[in-house]
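Trainee: Could you pick a single part of this model and take me through it closely? I'd like to see how that part sits in the whole, so please connect things as you go.

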Amino acid sequence: MNNGSITGLELSPRKIEYLKYLLNQDGSVKTNQISNHFGVDPSTITKTIIELSNEGYLKHIPYRGVQLTDKGQEYAKFLVKRHRILSLMFSHYGIDKDEACTEVARFESKVSKKVIDQICDSMGHPTISACGKISHAECNYLK
Ligand SMILES: [Zn+2]
Ligand SMILES: [Zn+2]
């Protein structure tokens, strides 16, 4: 996937949470496992899963559940990075770790990849934030 082609504004907050969750799972995940994790109705999950599959982020493995496609995996890595860059920015202003996480989760879906790339660059490609490591594999700048 060409990362230059994503704006970062493609997905709703709910879809973002699903992709991030799936990135942390090993292999395929059953729909009811996802609905249990998020505490929502399986029928709601199914609808969203079908949309994510149609958009090419997920693939359905018969009898085994869903799994991220390569595109989904790349996108999910961007989502994690965006969250962590923004959390780090908040920490720089003295907001504590948990609060930064919660605040960022409220608006991260609205911040474009272009802006994240710029912040990342101006921060000097930081490798760690309050909520985990930051990868720069897909940054346009080499360290
Ligand atoms: Zn966080
Ligand atoms: Zn970077």
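Mentor: Buried residues account for 24% of the 143 residues in the protein. Keep in mind that we are looking at a predicted model, and that the burial figure is a total over all residues. Happily, there is more to say about the whole before we zoom in. The protein has 6 helices and 4 strands, and reading from the N terminus their order is α-α-α-β-β-α-α-α-β-β. Its radius of gyration is 16 Å, close to the 15 Å that the globule rule gives for 143 residues, so the protein is as compact as a globular protein of that length. Along the principal axes, the C-alpha atoms fill a box of roughly 45 × 30 × 25 Å. If you take the contacts between residues at least 6 apart in sequence, 58% of them join residues at least 24 apart.

Now for the part I'd like to choose: the hairpin and what comes after it. Strand S1 covers residues 58–61 and strand S2 covers residues 65–68, and the two pair in the antiparallel sense over 4 bridges. At one place in this pairing, Ile61 stands opposite Gly65 in S2. Between the strands of the hairpin there are 3 residues, and Tyr63 is the one to look at in this turn. What is notable about the phi of Tyr63? It is near 70°, a positive value in a residue other than glycine. Tyr63 also counts as exposed, because it has 7 C-beta neighbours inside 10 Å, and the cut-off for exposed is 12 or fewer.

If you'd like a second residue to set beside Tyr63, try His125, in the loop between helix H6 (113–122) and strand S3 (128–129). Phi of His125 is near 50°, again a positive value in a residue other than glycine. His125 counts as partly exposed because 15 other C-beta atoms lie within 10 Å.

Back to the hairpin, and on along the chain. Thr69 lies in the loop between S2 and H4. Which residues does Thr69 touch, not counting those up to four places away in sequence? They are Gly56, Tyr57, Leu58 and Lys59. Thr69 and Leu58 are 11 residues apart along the chain, yet their C-alpha atoms are separated by 5.1 Å. With 17 C-beta neighbours inside 10 Å, Thr69 is partly exposed.

Past that loop you reach helix H4 (residues 70–92), which packs with helix H1 (residues 13–23) at an angle of about 105°, their axes being 9 Å apart. That angle makes H1 roughly perpendicular to H4, because the range of 65 to 115 degrees counts as such. From H1, the residues involved are Ile16, Leu19, Lys20, Leu22 and Leu23, and they meet Gly72, Gln73, Tyr75, Ala76, Lys77, Leu79 and Val80 in H4. Sorted by class, this contact holds 8 nonpolar, 2 polar and 2 charged residues.

To trace the path once more on your screen, start at the turn with Tyr63, follow S2 to Thr69 in the loop before H4, and end where H4 packs with H1.

Note on methods:
Residues are numbered from 1 along each chain as its sequence is written. Chains are lettered from A and ligands numbered from 1 in the order in which they are written. This is a predicted model: local features need pLDDT of at least 70, side-chain atom pairs count only at pLDDT 80 or more; totals for chains, interfaces and linings use all residues. Axes are lines fitted to C-alpha atoms, for helices over the stretch in contact, and angles run from 0 to 180 degrees between N-to-C directions. Angles under 35 degrees count as roughly parallel, over 145 as roughly antiparallel, 65 to 115 as roughly perpendicular and the rest as oblique. Two residues are in contact if their C-beta atoms, placed from the backbone, lie within 7 Å. Ala, Val, Leu, Ile, Met, Phe, Trp, Tyr, Cys and Pro count as nonpolar, Asp, Glu, Lys and Arg as charged, and the others, Gly among them, as polar. The radius of gyration is taken over C-alpha atoms; the globule rule is 2.2 Å times the number of residues to the power 0.38. A residue is buried if 20 or more other C-beta atoms lie within 10 Å of its own, exposed if 12 or fewer, and partly exposed in between; C-beta atoms are placed from the backbone. Two strands pair if DSSP finds at least two bridges between them.
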